[in-house]
Amino acid sequence: MPHDHSHHGAPNIDAHSGDRRVAIAIWANGLLTLAQVVGGILSGSLALIADALHNLSDMMSLIIAFGARKIARRPADEQMSFGYGRIEIVAALINYTTLILVGAYLAYEGIMRLVDPPAVTGWLVVLLGFVALTVDTLTAALTYAMQKDSVNIRAMFLHNLSDALSSVAVILGGLLIMFYNIRIIDPVITLLIAGYILWLALREISGPIRTLMLGRPETLDVAQIIEAICAIEGVQSLHSLHLWQMQEHTAALDCHIVVAPQDWAKGPHIRNAIKARLGAAFGLHHVVLEFETSDETHCSKTLFESP
């Protein structure tokens with residue numbers, strides 16, 4: 001009975017250059033977070049501390065992403081026969097979950113301070129806001145080219161992009177406090193930052209969850225794949241189909257192919273034709289096909305079947 005596997009790796013990435021960029025971003029965000037926390041305490045600005053906590057979450061996401069990148073490059077072994085690539089999906093899920101917790105905390109603190117807005121030193125808020133904007137822009141620039149190929153780096157890039165926007169809001173708030181003494185603007189900006197963090201995290205977290213749940217890749221249409229397989233000469237039907245995102249850049253498919261008894265000897269030819277079609281049309285290169293004849297199969301005819 002024909003039964004075949006094929007593998008296809010993720011796109012090649014300049015690993016050492018990428019690691020160096022992430023390391024620079026970690027140090028920059030770490031120093032910025034420390035400066036903002038100290039400045040927020042001295043100035044009494046919750047918005048500045050909110051921005052600092054956001055930057056801290058970015059730094060932690062960078063550290064997690066940095067470690068995940070290292071682990072993901074390990075070759076497959078007897079413990080992890082598919083390799084270690086999915087560690088980056090786990091890291092992304094951790095990062096987005098952390099963002100949700102930070103956003104919820106900031107929303108709570110912002111609401112509490114709306115009742116009695118504290119005095120804020122506006123000039124210090126503006127100064128550190130400009131420093132934060134510079135660092136966030138630098139970090140985003142360092143990782144822009146990398147975020148297209150990594151869910152981890154994309155998560156971090158989006159964090160820093162949102163940080164840059166938060167820094168602009170903090171600067172505007174500091175200016176309003178300096179010139180007009182509008183103290184309530186600080187908790188209001190905090191709530192805006194918290195809302196944006198929650199919206200961003202909740203929107204992006206569905207991707208890692210979908211992958212860890214072995215969901216269908218969003219770019220692939222099951223109906224089109226079934227139609228392409230059934231169009232191959234010799235295929236009568238198929239069942240027990242599984243299509244999932246195996247790693248960030250690798251989708252996988254396995255299913256049972258039913259052929260007529262007189263076509264059993266053509267199994268290898270039919271298998272190769274199916275794999276060639278799936279690879280060319282859908283980029284599916286990790287394919288497992290189980291063949292059986294229509295008069296001897298005892299398997300369920302359910303198209304989608306739980307393992």
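Strands here are DSSP runs of E at least two residues in length, numbered from the N terminus. This is a predicted model, and one such run is strand S4, residues 286–293, where Thr293 has its place.

**Thr293 in S4**

Let's start with that threonine. Thr293 has a relative accessible area of 5%, and since anything under 20% counts as buried, Thr293 is buried. What does Thr293 touch, leaving aside its neighbours within four places in sequence? Its contacts are Val258, Val259, Ala260, Pro261 and Trp264.

**Helix H8 and its two sides**

Now over to H8. Its buried residues are Val222, Ile225, Ile226, Ala228 and Ile229. These residues span an arc of only 160° around the axis, so they sit on the same side of H8. Flip to the face turned away from that buried side, and you'll find the exposed residues Ala223 and Glu227.

And what do the buried residues of H8 pack against? Their partners are strand S2 (235–247), strand S3 (250–259) and H9.

**H8 meets H9**

The helix partner deserves a look of its own. Two packed helices are described by the angle between their axes and the distance between the axes. For H8 (residues 222–230) and H9 (residues 267–282), the axes come within 9 Å and cross at roughly 145°. The crossing of H8 past H9 is right-handed. On the H8 side, Gln224, Ile225, Ala228 and Ile229 make the contact, while H9 brings in Ile274, Arg277, Leu278 and Phe282. Sorted by type, the residues of this contact come out as six nonpolar, one polar and one charged.

Put the two pictures of H8 together: Ile225, Ala228 and Ile229 are among its buried residues, and Ile225, Ala228 and Ile229 are also among the residues that touch H9.

**Salt bridges**

Side chains of opposite charge can pair when their charged atoms come close. How many salt bridges does the count come to? The tally is two, and here they are:

| Salt bridge | N to O distance |
|---|---|
| Glu204 – Arg203 | 2.8 Å |
| Lys266 – Asp263 | 3.5 Å |

How accessible are the partners? In the pair of Glu204 and Arg203, Glu204 counts as buried because its relative accessibility is 15%, whereas Arg203 is partly exposed at 40%. In the other pair, Asp263 counts as buried at 16% relative accessibility, and Lys266, with a relative accessible area of 45%, is partly exposed.

Definitions and conventions. Residues numbered from 1 in each chain as written. Predicted model: local features only at pLDDT ≥ 70, side-chain atom pairs only at ≥ 80, totals over all residues. Heavy atoms only, no water. Axes fitted to C-alpha atoms, helices over the stretch in contact; angles between N-to-C directions. Helix = DSSP H or I, 4+ residues; strand = E, 2+ residues; numbered from the N terminus. Left-handed = near helix turned anticlockwise from the far one by under 90°. Contact = heavy atoms within 4.5 Å. Nonpolar A, V, L, I, M, F, W, Y, C, P; charged D, E, K, R; others polar. Buried < 20%, exposed > 50% of the residue type's maximum accessible area, 1.4 Å probe, protein only. Salt bridge = Lys/Arg side-chain N within 4 Å of Asp/Glu carboxyl O. Arc of directions from axis to C-beta.
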